[in-house]
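Okay, thanks for squeezing me in. I'll put the model up and then just talk through it.

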Amino acid sequence: MRLFPLRQRAERRQLMIAEAELLGELRRLRSRVPQVTGVLAASVDGLVLAQDAAESEAEAVAALTAAALGVGSRLTETTGQGHFRELLVRGADGYVATYAAGAHAVLTVLAEPRVNVGRLHLEARRSSTVIGELVDASAAATPPVPVVPPRPVDPPTPVPIPVRRPGASGARGGT
């Protein structure tokens, strides 16, 4: 159970509140569906926001989730099914379910093979809505980084170059 910053530019106090609320929601989801073995909230870019799992590969799962989100989004839009909402993968040893969570996050849930998939969807959809609201509110409250235009470069100061005139060599001749 580790927490990760939502956005590096946000104020730390606000982040701590959002992270604690995210982790609380992940824990509530696990308590509502006992067959859930792990949950992960990630940014759409694949950065871990919060996790409640024994899974030590959180960064890899978050990155793969972002990739799956991209493929799922492209697939739903190409086929005319609208915006991506969720993806369910069934493996021999359980399920991996991914849910859109607002504009900036995604929820990934790992579950045992004996999970009631209907219950999983019901509870995970509720959690993804809460997580989406938390992350989107945090993103909206994050002050933008001011863009400072580059300072114009002053042209170099010209250095006077001595000019030599023909016949004026400046050398004294002697006989």
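So, the sheet. What you have here is a predicted model, and in it 5 strands make an open sheet, ordered 2-1-5-4-3, with antiparallel pairing. Out at the edges you get strand 2, residues 48-53, and strand 3, residues 86-91, each pairing on one side only. If you ignore direction, neighbouring strands of this sheet are turned by 10° against each other on average.

Let me zoom in on one pair. Strand 1, residues 36-43, runs antiparallel to strand 2, and the two share 5 bridges. If you want a residue to click on, take Gly38: its bridge partner is Ala53, over in strand 2.

Stepping back to the chain: we have 3 helices along with those 5 strands, and going along the sequence the pattern reads α-β-β-α-β-β-β-α. There are 175 residues, and 36% of them count as buried. The accessible surface is about 11500 Å², with 58% of that belonging to carbon and sulfur atoms. On contact range, take the contacts between residues at least 6 apart in sequence: 51% of those join residues at least 24 apart.

Now the bit I like, the charges. How many salt bridges does the count come to? It comes to 8. Some of them link up: Glu25, Arg28, Arg32, Arg119, Glu123 and Arg126 sit in one network of salt bridges.

Let's walk through part of that. Glu25 and Arg32 meet through their side chains at 3.4 Å, N to O. Glu25 counts as buried, at 5% relative accessibility, while Arg32 is partly exposed at 25%. Arg32 also has a salt bridge with Glu123, and there the N to O distance is 2.6 Å. Why does that pair tie together parts 91 residues apart in sequence? Because Arg32 is in helix 1 and Glu123 is in helix 3.

Glu123 itself is buried, with a relative accessible area of 4%. From Glu123 we can go on to Arg126, with a salt bridge at 3.6 Å, N to O. Those two are 3 residues apart in helix 3, so they are separated by about one helical turn. Arg126 is partly exposed, at 47%.

Right after that come two serines. Ser127 is in helix 3, residues 117-141, and it's buried, with a relative accessible area of 0%. Setting aside neighbours within four places in sequence, what does Ser127 contact? The answer is Glu25, Leu29, Arg32 and Leu107. So that list includes Glu25 and Arg32, the pair with the 3.4 Å salt bridge. Ser127 and Ala101 are 26 residues apart along the chain, with 8.4 Å between their C-alpha atoms.

Ser128 is in helix 3 too, and it's buried at 6%. Beyond four places in sequence, Ser128 touches Tyr99, Ala100, Ala101 and Leu107.

Last thing, confidence. The chain averages a pLDDT of 82, and 75% of the residues score at least 70. Among the elements, strand 4, residues 94-101, has the highest mean at 96, and helix 1, residues 12-32, has the lowest at 79. Residues 1-15 stay under 50, although the model gives them 41 contacts beyond four places in sequence. Where pLDDT is low, predicted coordinates shouldn't be read in detail. Okay, that's me.

Technical notes. Residues numbered from 1 in each chain as written. Predicted model: local features only at pLDDT ≥ 70, side-chain atom pairs only at ≥ 80, totals over all residues. Heavy atoms only, no water. Helix = DSSP H or I, 4+ residues; strand = E, 2+ residues; numbered from the N terminus. Buried < 20%, exposed > 50% of the residue type's maximum accessible area, 1.4 Å probe, protein only. Contact = heavy atoms within 4.5 Å. Areas by Shrake-Rupley, 256 points an atom, 1.4 Å probe, with all protein chains shown as cover. Pairing = 2+ DSSP bridges. Axes fitted to C-alpha atoms, helices over the stretch in contact; angles between N-to-C directions. pLDDT = per-residue confidence, 0-100. Salt bridge = Lys/Arg side-chain N within 4 Å of Asp/Glu carboxyl O.
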